[in-house]
Amino acid sequence: MTAVLTKQTLTIRPLSDVMGAEVIGADLARPLDDATFRTIHHAFIDAGVLVLRDQRLTPEQHVAFSKRFGPLSIHIKDEFLYPGVPEILILSNRKHPDGRPMGFEDAGRYWHSDMSYVEEPPLGSLLHGVEIPPAGGDTLFCNMYLAYETLPAATKARIANLRARHSFVASFEGKTKASATRGTLTEEQKRKLTDAIHPVVRTHPETGRKALYVNPGFTFKMEGMAEAEGQVLLEELFAHATQERFQYRHRWKPFDLVFWDNRCAMHHATTYDTHYIRHMQRTTVKGDRPV
Ligand code: OGA
Ligand code: MN
């Protein structure tokens, strides 16, 4: 029998006043017909963060759904890729039998937009909660459209044409000291990681809305501005953007699939009791150069 692509009946429910929506009724393990895909895509663009509960996906199904949104990128830390499915990056405190970590254990414990240090950062990431601790390990998201729109007019004018420098190496080396498990970057990994310079305010390619595009994780310098003055301005923008009133807190349940739009959201992992396992698998969809 050939598979029939039946339209799935979906309900979209907002998760907070500022961002996030839950899609109810989708089964991503099945191939999606175009109309169902369009509904999900539209909800994603609208909400900035999309939550699909109870998705029992194999790594291959996770990859197949992710690819509907564009080509996937493969992370540079190849020891943390899913064996045989390199499009999947593992974030986990689980260890291999010989004691080596299976994935990033403490990824993203700071506000960031994924891989903003590359010329063409991903449009978004799809994180699958395979094993979730009983408490903690929430992921925070903040709405960077709102962050931009609520800036004082004088600040908007000041940053209108500014560009900022983003780097993984600068950030990684700063954070490595705090982490025993993430390892170090090899010289070859470092060589592949050049800095990227992006506009401080970007226009979302699908909505046309402006969003603030600097993040505490990777943005470390304002271009064309005295060092200290640039730092003060960056800190001011970070403090503004990360206010609780712009946030949605995601409390994970097993098999949640959470898809965030890197172009208009930052996110932040939180801690948990590491006597429990938190095992997540992520795909990353390629995106455009910010303009
Ligand atoms: C990520 C990330 C946050 C989390 O996967 O890019 O930052 O809560 N994850 O695991
Ligand atoms: Mn991240």
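This report walks through a ligand site, the salt bridges and two single residues of a predicted model.

**The ligand site**

Eleven names make up the surroundings of ligand 1: Leu91, Gly108, His112, Asp114, Leu127, Thr139, Trp260, His267, Ala269, Arg278 and Arg282. Three of these side chains deserve a closer look. An N or O atom in the His112 side chain sits 3.2 Å from an oxygen atom of ligand 1. For Asp114, a polar side-chain atom is 3.0 Å from a ligand 1 oxygen. The side chain of His267 also places an N or O atom 3.0 Å from an oxygen atom of ligand 1. On its own, ligand 1 would expose 290 Å², and the protein buries 99% of that.

**Salt bridges**

The count of salt bridges comes to 18. Among them are the pairs below.

| Pair | Closest N to O distance |
|---|---|
| Asp256 and Arg53 | 2.8 Å |
| Lys77 and Glu79 | 3.1 Å |
| Asp98 and Arg100 | 3.1 Å |

Take Asp98 and Arg100 to begin with. Asp98 is exposed, at 54% relative accessibility. Arg100 is partly exposed, at 44%. Elsewhere, shared partners link Arg13, Glu22, Arg53 and Asp256 into one network of salt bridges.

Within that network, Asp256 bridges to Arg53. Asp256 is in the loop between β13 (247–250) and β14 (257–261), while Arg53 is in the loop between β3 (49–52) and α2 (59–67), so their bridge ties together parts 203 residues apart in sequence. Asp256 is buried, because its relative accessible area is 0%.

The bridge between Lys77 and Glu79 joins two side chains. Lys77 counts as buried, at 0% relative accessibility. Glu79 is partly exposed, with 36%.

**Arg202: a charge without a bridge**

Arg202 belongs to strand β10 (residues 201–203). Arg202 is buried but forms no salt bridge. The nearest side chain of opposite charge is Asp288, 6.0 Å away. A salt bridge needs the charged atoms within 4 Å. Neighbours within four places in sequence aside, Arg202 is in contact with Arg209, Lys210, Ala211, Tyr213, Arg263, Asp288, Pro290 and Val291.

**Val232: on a helix**

Val232 is part of helix α7 (residues 227–241). Is Val232 buried or exposed? Val232 counts as exposed, because its relative accessibility is 56%. Met222 is 10 residues from Val232 along the chain, and their C-alpha atoms are 9.9 Å apart.

Notes:
Residues numbered from 1 in each chain as written. Chains lettered and ligands numbered in written order. Predicted model: local features only at pLDDT ≥ 70, side-chain atom pairs only at ≥ 80, totals over all residues. Heavy atoms only, no water. Helix = DSSP H or I, 4+ residues; strand = E, 2+ residues; numbered from the N terminus. Buried < 20%, exposed > 50% of the residue type's maximum accessible area, 1.4 Å probe, protein only. Lys, Arg positive; Asp, Glu negative; His and termini not counted. Contact = heavy atoms within 4.5 Å. Near = heavy atom within 4 Å. Polar contact = N/O pair within 3.5 Å; in protein donor to acceptor, adjacent residues only side chain to side chain. Areas by Shrake-Rupley, 256 points an atom, 1.4 Å probe, with all protein chains shown as cover.
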